[in-house]
Amino acid sequence: MRGNLSESLTFTVPISLEAHALAERFRNKHRNPQKAKQVYLNTLAVFAVQFYLRCMGIKTSWQGSLSWNPLIQTLMDIADLEVIGFGKIECLAVLPNEQVLHILPEVSSDRIGYVAVQFESSLEEATLLGFVKTVPENGELLISQLNSLEDLLIHLNKPIEKIEQPIHLSQWLMNVVDAGWQTIESLLNPQQSELVFRFRGTEHTLVHAENSTSSLQKGKLLDLGRDSKSQIIALVVGLISVSREEINVGVKVYPTGGKNYLPKELELIVLDEAGIPVMQATARNTKSIQLNFSSEIGERFSVKVALGDVSFTELFLT
């Protein structure tokens, strides 16, 4: 492969046979001809941006992006690429001689920026035309409004400006699970992994929920230790779909490493979209802490786990 960085800081990428094979594989999963063409071009656009960023020494995770998932491809016109440590960048496919891009609302939020990728008619090459951080409210972006690719490199060298990306819980129910979240069987012992969440006077036991479309549980390990002394606990999130508009959420913390009790004074806190605590519990002589609540689709909240002056906060979107 080769890439040419011109004086105007566009970048031309040859589209490899491997890229076309991947685009063909994705296209074959869609019967609608228009959707199939859209997916094919989106795949090539993401390939071109990934190639460029790798040339610049910037790490990406395409397989960790929504555009890699055929189900999401069906539901959305999406060409996102996860830039590790920063967030998602949208790769906009531009046809020959096209001067105006139409960006749908579904990709106009939770993006750290947009890169326009123009194809020549044979699809043997693609040229990265430029970059913008945001798109106009009407969703129309003129090619002439693009900034130089140099602005993208500057943008990605300022981690302080990166946008915190929420964990999309409703997508978990479609088997689209964010990196770092694991099955609880891999984190906890068999006694701990049989979770019971109580909602509105009823109990739901989430066992072997990996094959369910209405309930799911995932977890991750957190190290709340300090001064080289580890204090690892497990944070587990359980979901039960109530309706198209509402999900019941349970958050729970467990000790790990053979310990029977959580560290004393460990706090589990649920915060609303404004960052105001709405639920809170503290470990005393406690084997686990659990908080349950309902959340409407599209609602944001955070979960904070704290021990002394060490804390971990995760942002969620239902």
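## A tour of two pockets, one cavity and a sheet

Start by selecting α3 (70–75), β5 (87–94), β10 (167–168), α5 (169–172) and β20 (310–317), each of which supplies at least two residues of the lining of the largest pocket. Helices (H or I, at least four residues) and strands (E, at least two) are DSSP runs numbered from the N terminus. The model is predicted: local features need pLDDT of at least 70 and side-chain atom pairs pLDDT 80 or more, while totals for chains, interfaces and linings use all residues. Residues are numbered from 1 along each chain as its sequence is written, and side-chain values use heavy atoms, without hydrogens or water.

**Largest pocket**

Colour β20 separately: with 3 residues, this strand gives the most to the lining of the largest pocket. Then show E82, K88, Q165, P166 and D178, which lie nearest the centre among the 43 lining residues. The volume of the pocket is about 1100 Å³. On a 1 Å grid over the protein atoms alone, a pocket is an open set of points with protein on both sides within 12 Å along at least five of seven lines, a cavity is a set where a 1.4 Å probe fits but cannot get out, and lining residues have an atom within 4 Å of a point. Volume is the space filled by probe spheres set on the points, which are joined across faces, edges and corners. Coloured by class, the lining shows 19 nonpolar residues (Ala, Val, Leu, Ile, Met, Phe, Trp, Tyr, Cys, Pro), 10 charged (Asp, Glu, Lys, Arg) and 14 polar (the others, Gly among them).

**Second largest pocket**

Next select α2 (33–55), β5 and β6 (100–102), which each supply at least two lining residues here. Helix α2 provides the largest share, 5 residues. This pocket has a volume of about 490 Å³. Of its 20 lining residues, Q38, N42, D77, A93 and H102 lie nearest the centre. The lining divides into 12 nonpolar, 4 polar and 4 charged residues.

**Cavity**

Keep α2 on screen, as the largest share of the lining of the largest cavity, 4 residues, also comes from this helix. Select Q38, V39, N42, T43, S67, Q73, M76 and I78 to see the full lining. There are 3 nonpolar and 5 polar residues in it, and no charged ones. The cavity has a volume of about 40 Å³; the search of the whole structure finds 1 cavity of 30 Å³ or more.

**Sheet**

Now move to the open sheet of 4 strands, ordered β13-β14-β15-β18 with antiparallel pairing. Because β13 (215–223) and β18 (289–296) are the edge strands, each with a single partner, one side of each is left without a neighbour in the sheet. Strands count as paired if DSSP finds at least two bridges between them.

At one edge, 9 bridges join β13 to β14 (232–241), in the antiparallel sense; select L216 and find L239 of β14 opposite. At the other edge, β15 and β18 run antiparallel and are joined by 8 bridges; here N248 stands opposite S294 in β18. Colour the two faces of β18: I289, L291, F293 and S295 are on the covered face, and Q290, N292, S294 and E296 on the uncovered one.

**Last stop**

Follow the chain into the loop between β15 (246–255) and β16 (267–271), and select T256. Is T256 buried or exposed? T256 counts as buried because its relative accessibility is 15%, where buried means under 20%, exposed over 50% and partly exposed in between (1.4 Å probe, protein chains only). Its side chain reaches the backbone oxygen of I232 at 2.8 Å.

Terms used. Polar contact = N/O pair within 3.5 Å; in protein donor to acceptor, adjacent residues only side chain to side chain.
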